Amino acid sequence: MCRVLIIGAGGVGTVVAHKVAANPVFTDVMLASRTKSKCDQIAAAIGGDRIKTDQVDADNVADLCRVMRAFQPDIVINVALPYQDLTIMDACLECGVNYLDTANYEPLDEAHFEYSWQWAYRERFEKAGLTAILGCGFDPGVSAIFTAYAAKHHFDEIHYLDIVDCNAGNHGKAFATNFNPEINIREITQNGRYWENGEWVTTGSLEIHKTLNYPNIGPRESYLLYHEELESLVINYPTIKRARFWMTFGQEYLTHLRVIQDIGMARIDPIMYNGMEIVPIQFLKAVLPDPKTLGENYHGETSIGCRIKGIKDGKEKTYYIYNNCDHAAAYKETGTQAVSYTTGVPAALGAAMFAKGLWVMPGVHNVEEFDPDPFLSELGPQGLPWVELHDVDLEL
Ligand code: NDP
């Protein structure tokens with residue numbers, strides 16, 4: 001018996017709600033978000049009175065506790081925005097509830113994300129006997145679980161890790177982001193960063209790029225970005241000599257992004273407009289297409305995986321593990337596109353791992369610290385099948 005509270009009714013929350021509702025391990029389900037009508041719409045689409053809904057301000061610990069005390073969840077799946085991670089963790093501690101999220105904390109007034117803020121909660125979760133599972137989407141999430149699986153089954157030492165994320169889908173819009181535009185643009189316009197020989201190397205934003213071939217897709221220009229799972233993976237796998245993250249972007253997307261930055265629309269500081277304060281990137285979010293609505297005409301696939309080189313039984317070995325996800329198939333099942341789908345499926349499955357007692361470990365943990373086997377054996381049946389290739393050219 002597991003009672004689950006989902007917070008956030010965006011694209012990812014929609015997929016989480018569908019997957020949680022279909023899983024009998026969750027006996028009672030509540031979906032709460034800032035705008036209750038969005039929760040009601042999702043609940044109605046799923047049907048059958050399976051999902052209760054509520055309004056919550058996730059920036060406010062007292063309001064979160066009100067909802068938690070009334071519903072008495074065992075675990076919260078946080079798929080609101082990274083700004084709310086700490087308030088939701090505070091409320092979980094106050095109300096004795098376990099926690100799972102898909103993105104690490106980021107302060108609203110600084111485009112900067114790192115795990116230190118959430119890792120600072122370790123002792124308090126441990127003492128309370130509560131489990132917090134961090135970064136359980138696809139990347140972060142499955143990318144780290146793939147790495148844990150490779151370390152467990154295929155390598156004595158991992159030396160080189162490249163996480164490769166390709167979206168070869170076409171939604172027919174001139175410019176749109178695939179998840180929350182504000183979070184997405186803040187992430188991409190930061191400096192790049194990767195781990196090499198025991199230290200972080202900083203690059204200009206999207207400065208390093210390379211053509212990589214993706215299964216069933218072909219060649220795509222791939223850009224080195226800093227991505228949050230690198231921070232925990234290089235600590236949990238200290239044999240790693242180099243760890244990098246690559247994401248594909250089309251020229252059209254990059255041109256729009258450059259213009260958005262050049263004209264100041266990516267600014268995160270408040271400006272005065274007609275006598276009121278507005279934050280340009282938040283205004284931009286309001287006029288861009290809602291990622292949740294992109295699914296209808298989206299065609300093509302995403303392909304996300306890990307390309308790994310290391311040592312097994314004294315011999316050098318290469319390994320590539322990945323999932324391809326079809327936008328149209330994701331839309332048919334949940335009404336959202338593949339980026340929301342590939343994030344929501346692992347979040348719901350991570351919570352199911354907790355509910356089954358397989359991922360219970362008091363404290364605050366990144367996903368690679370849990371056993372990858374039961375998770376990956378269910379990931380395919382849940383909609384994200386994965387493929388392993390051994391001793392192949394990694395191109396990196
Ligand atoms: P959306 O913007 O579509 O949805 C966010 C939801 O959170 C909205 O329903 C929003 O409410 C709600 N929300 C925002 N602020 C509050 C608040 N203060 N109180 C209550 N609810 C609030 O985002 P996505 O669904 O695209 O992304 C959700 C999360 O998933 C993000 O943290 C994102 O970074 C993460 N993500 C992780 C990925 C991974 O692979 N690990 C990949 C993609 C996304 P309202 O509807 O009223 O605006």
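The protein chain in this predicted model is divided into two domains: domain 1 covers residues 3–134, and domain 2 is made of 142–335 together with 382–390. Between the C-alpha centres of domain 1 and domain 2 the distance is 23 Å.

Let me turn to how the domains meet. On one side, 16 residues of domain 1 take part, and they are in contact with 14 residues of domain 2. Which element gives the largest share of the side of domain 1 that touches domain 2? Helix α1, residues 11–21, does, with six residues. Sorted by class, that side of domain 1 holds eight nonpolar, five polar and three charged residues.

My second topic is a pair of helices. Helix α7 spans residues 142–153, and helix α14 spans residues 372–379. Their axes come within 10 Å and cross at roughly 120°. How should we describe this arrangement? Angles of 65 to 115 degrees count as roughly perpendicular and those over 145 as roughly antiparallel; α7 and α14 are therefore oblique to each other. The crossing of these two helices, α7 and α14, is left-handed.

Which residues of α7 and α14 meet? From α7 come Val142, Ile145, Ala148, Tyr149 and Lys152. Facing them, α14 supplies Pro372, Phe375, Leu376 and Leu379. By class, this contact of α7 with α14 has eight nonpolar residues, one charged residue and no polar ones.

To close, I would ask you to keep two views in mind on the structure: the contact between domain 1 and domain 2, with helix α1 as the source of six residues on the domain 1 side, and the left-handed crossing of α7 and α14.

Terms used: Residues numbered from 1 in each chain as written. Predicted model: local features only at pLDDT ≥ 70, side-chain atom pairs only at ≥ 80, totals over all residues. Axes fitted to C-alpha atoms, helices over the stretch in contact; angles between N-to-C directions. Helix = DSSP H or I, 4+ residues; strand = E, 2+ residues; numbered from the N terminus. Parallel < 35°, antiparallel > 145°, perpendicular 65-115°, else oblique. Left-handed = near helix turned anticlockwise from the far one by under 90°. Contact = placed C-beta atoms within 7 Å. Nonpolar A, V, L, I, M, F, W, Y, C, P; charged D, E, K, R; others polar. Domains from an automatic or database assignment.
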